[in-house]
Amino acid sequence: MIDATGDNNTRHVVIFERWANPARTSYWAYEQRGGYGTDHRVLTYGLKPGSEFHAYRPRVLGGGGAPGTGGKYWVDTFADATGYREPNTNDPQGTLNKGTNYVYCRVWGAEVRQGNQFNHWWLRTDLDRTNPGKNGRGAYVSAYYLAKWGNDEAKDNTGQDIANC
């Protein structure tokens, strides 16, 4: 549940765990409150019409990946790949080394092409090497560099589609 209204002193997030009763009029949640730490308690935030709290469900919890991988998809790249701040070839951040790497998710972006090989998918990942002055975390690398797949495909090493960001 998210109350995104206001400033950093009034916005608030509550993590829903489960319903507290069959009527679904309250729920167990985790909440961190100033001066109290993290609480695990029954709440009713967001259940009444007009509430500032709204339910939010990430499309893929933890960025996807197979169970037990911590939200990462493992992929093989056939060459070193430049990582960019956005899913295009502007503002290079650093390099993802050739070999087995993890990615979090994919997004459709600018086409990368060499001859008959191309890909519009970009993979969100952490880079191995960064350019001076760049942080390199959360950069995008073109799925063109995936060793096992073809044009406009973005799958992990097992053949599972990588989740959209």
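1. Let's start with a term: a cavity is a set of grid points inside the protein where a 1.4 Å probe fits but cannot get out. Please keep in mind that this model is predicted. By that rule, the structure has 1 cavity of 30 Å³ or more. The largest cavity has a volume of about 30 Å³.

2. Now have a look at the walls of that space. The lining of the largest cavity is made by Val-75, Thr-77, Leu-96, Val-103, Leu-123, Val-141, Ser-142, Ala-143, Tyr-145 and Leu-146. Two or more of the lining residues come from each of β5 (73–77) and β12 (139–142). Sorted by kind, the lining holds 8 nonpolar residues, 2 polar ones and no charged ones.

3. Which residues make up the largest nonpolar core? There are 10 in all: Tyr-73, Val-75, Val-103, Trp-121, Leu-123, Ala-143, Leu-146, Ala-154, Ile-162 and Ala-163. The elements that give this core two or more residues are β5 and β10. You can spot Val-75 in this core and again in the lining of the largest cavity. Leu-123 is likewise listed for the core and for the cavity lining.

4. Next come the aromatic rings. Across the whole structure, a search finds 8 aromatic pairs. One of them joins Trp-108 and Trp-121 edge-to-face, with 4.9 Å from centre to centre and 85° between the planes. The two partners are 13 residues apart: Trp-108 belongs to strand β9 (residues 105–114), and Trp-121 to strand β10 (residues 117–125).

5. Is Trp-121 buried or exposed? Its relative accessibility is 13%, so Trp-121 counts as buried, because buried means under 20%. Trp-108 has 47% relative accessibility and therefore counts as partly exposed, a class that lies between 20% and 50%. Trp-121 also has a charged neighbour, since Arg-106 lies over its face at 3.8 Å from the ring centre.

6. Another pair worth finding is Tyr-144 with Tyr-145, which is edge-to-face too, at 5.1 Å centre to centre and 90° between the planes. Tyr-144 has a relative accessible area of 13%, so Tyr-144 is buried. Its partner Tyr-145 is one of the residues that line the largest cavity.

7. Finally, look for a group of rings. Trp-74, Tyr-102 and Tyr-104 are linked into a cluster by ring pairs. Over the face of Tyr-102 lies Lys-72, at 4.0 Å from the ring centre.

Definitions and conventions:
Residues numbered from 1 in each chain as written. Predicted model: local features only at pLDDT ≥ 70, side-chain atom pairs only at ≥ 80, totals over all residues. Heavy atoms only, no water. 1 Å grid on protein atoms, 1.4 Å probe; cavity = no way out; pocket = protein on both sides within 12 Å on 5 of 7 lines; lining within 4 Å. Points joined across faces, edges and corners; volume = space filled by probe spheres on them. Helix = DSSP H or I, 4+ residues; strand = E, 2+ residues; numbered from the N terminus. Nonpolar A, V, L, I, M, F, W, Y, C, P; charged D, E, K, R; others polar. Phe/Tyr/Trp six-rings, centres within 6.5 Å; stacked < 30°, edge-to-face > 60°. Buried < 20%, exposed > 50% of the residue type's maximum accessible area, 1.4 Å probe, protein only. Lys NZ or Arg CZ within 6 Å of the ring centre and 35° of its normal. Core = buried A, V, L, I, M, F, W, Y, C linked by side-chain atoms within 4.5 Å.
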